[in-house]
Amino acid sequence: MRIIAGQHRGLTLASVGKGDAAAHLRPTPDRVRESLFNVLMGYGLPQGARVLDLFAGTGALGLEALSRGATHTTFVDNGRVAQKLIRENISKTRRETDTDLLTCAVDKLPNAPAPCDLIFLDPPYGKSLGAAAIAVAQKQGWIAPEALIVLEDSKPQAVAGYEVLDQRRYGDTHIALLRAP
């Protein structure tokens, strides 16, 4: 797993190794990330964006956004293995000053210091956690008006009140691009 483009292009990220089956670590493959970020570029993102990476896992999505010009990324993951990988990857990219790692469950998100323009959600597949996580993030002030939300899961998902801009399938991965109200 590596950073695809931008300032950190080609940097190899920490290996998941055996990972943690209970934590459902399943990093987004490089080719899917590359395609996703090509789509986001059509919306002018992530350049200049504040990013929220929920169910961050390794942090690859949020770090890719930073590499491509995002101003800040907040990672959220309550798994110990994931937290270790995120910290290691933040260190590898030397992005300690423009990142935060929240070690809470998504449903325990604190109030946001500032709303985010781009939100990544990659919850454990098949558990339908996306809509509930978006509701919590919205309630706590993490989602800016008209923010773009990237929801990755094993099946397509729509979220009430959010406009579906695009949906794509990559093998068993379905990605929905949503716009916040």
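Biologist: Where is His 8 found, relative to H1?
Modeller: This is a predicted model. His 8 touches Ile 3, Ser 67, Thr 93 and Arg 95, leaving aside residues up to four places away in sequence. His 8 itself is found in the segment before H1.

Biologist: Is His 8 buried or exposed?
Modeller: Buried means under 20% relative accessible area. His 8 has a relative accessible area of 11%, so the residue counts as buried.

Biologist: How many residues of H2 are buried?
Modeller: H2 spans residues 60-67. Ser 67, one of the residues that His 8 touches, is among the buried residues of H2. So are Ala 60, Leu 61, Gly 62, Leu 63, Glu 64, Ala 65 and Leu 66. The helix is mostly covered, with a buried count of 8 of 8.

Biologist: Which term describes how H1 and H2 lie to each other?
Modeller: The axes of H1 (residues 30-41) and H2 come within 11 Å. They cross at roughly 50 degrees. Roughly parallel needs an angle under 35 degrees, and roughly perpendicular needs 65 to 115. H1 and H2 are therefore oblique.

Biologist: What classes of residue make up the contact of H1 with H2?
Modeller: H1 brings Arg 33, Leu 36 and Phe 37. H2 brings Ala 60, Leu 61, Glu 64 and Ala 65. By class, the contact has no polar residues, 2 charged and 5 nonpolar.

Biologist: Which residue of H2 meets Arg 33 in a salt bridge?
Modeller: The pair links distant parts of the chain, 31 residues apart. Arg 33 lies in H1 and its partner in H2. Both side chains are buried. At 3.0 Å, N to O, the partner of Arg 33 is Glu 64.

Biologist: How far apart are the closest N and O atoms of Asp 30 and Arg 33?
Modeller: Both residues lie in H1, 3 residues apart, about one turn of the helix. Asp 30 is partly exposed at 21% relative accessibility, whereas Arg 33 is buried at 0%. Their salt bridge has its closest N and O atoms apart by 2.3 Å.

Biologist: Which residues are linked with Arg 2 in a network of salt bridges?
Modeller: Arg 2, partly exposed at 35%, forms a salt bridge with Asp 30 at 3.6 Å. That pair is 28 residues apart, from the segment before H1 to H1. Asp 30 also pairs with Arg 33, and Arg 33 with Glu 64. The network links Arg 2 with Asp 30, Arg 33, Glu 64 and Arg 68.

Key. Residues are numbered from 1 along each chain as its sequence is written. This is a predicted model: local features need pLDDT of at least 70, side-chain atom pairs count only at pLDDT 80 or more; totals for chains, interfaces and linings use all residues. Side-chain values use heavy atoms; hydrogens and water are left out. Axes are lines fitted to C-alpha atoms, for helices over the stretch in contact, and angles run from 0 to 180 degrees between N-to-C directions. Helices (H or I, at least four residues) and strands (E, at least two) are DSSP runs, numbered from the N terminus. Angles under 35 degrees count as roughly parallel, over 145 as roughly antiparallel, 65 to 115 as roughly perpendicular and the rest as oblique. Contact means heavy atoms within 4.5 Å. Ala, Val, Leu, Ile, Met, Phe, Trp, Tyr, Cys and Pro count as nonpolar, Asp, Glu, Lys and Arg as charged, and the others, Gly among them, as polar. Buried means under 20% relative accessible area, exposed over 50%, partly exposed in between (1.4 Å probe, protein chains only). A salt bridge is a side-chain nitrogen of Lys or Arg within 4 Å of a carboxyl oxygen of Asp or Glu.
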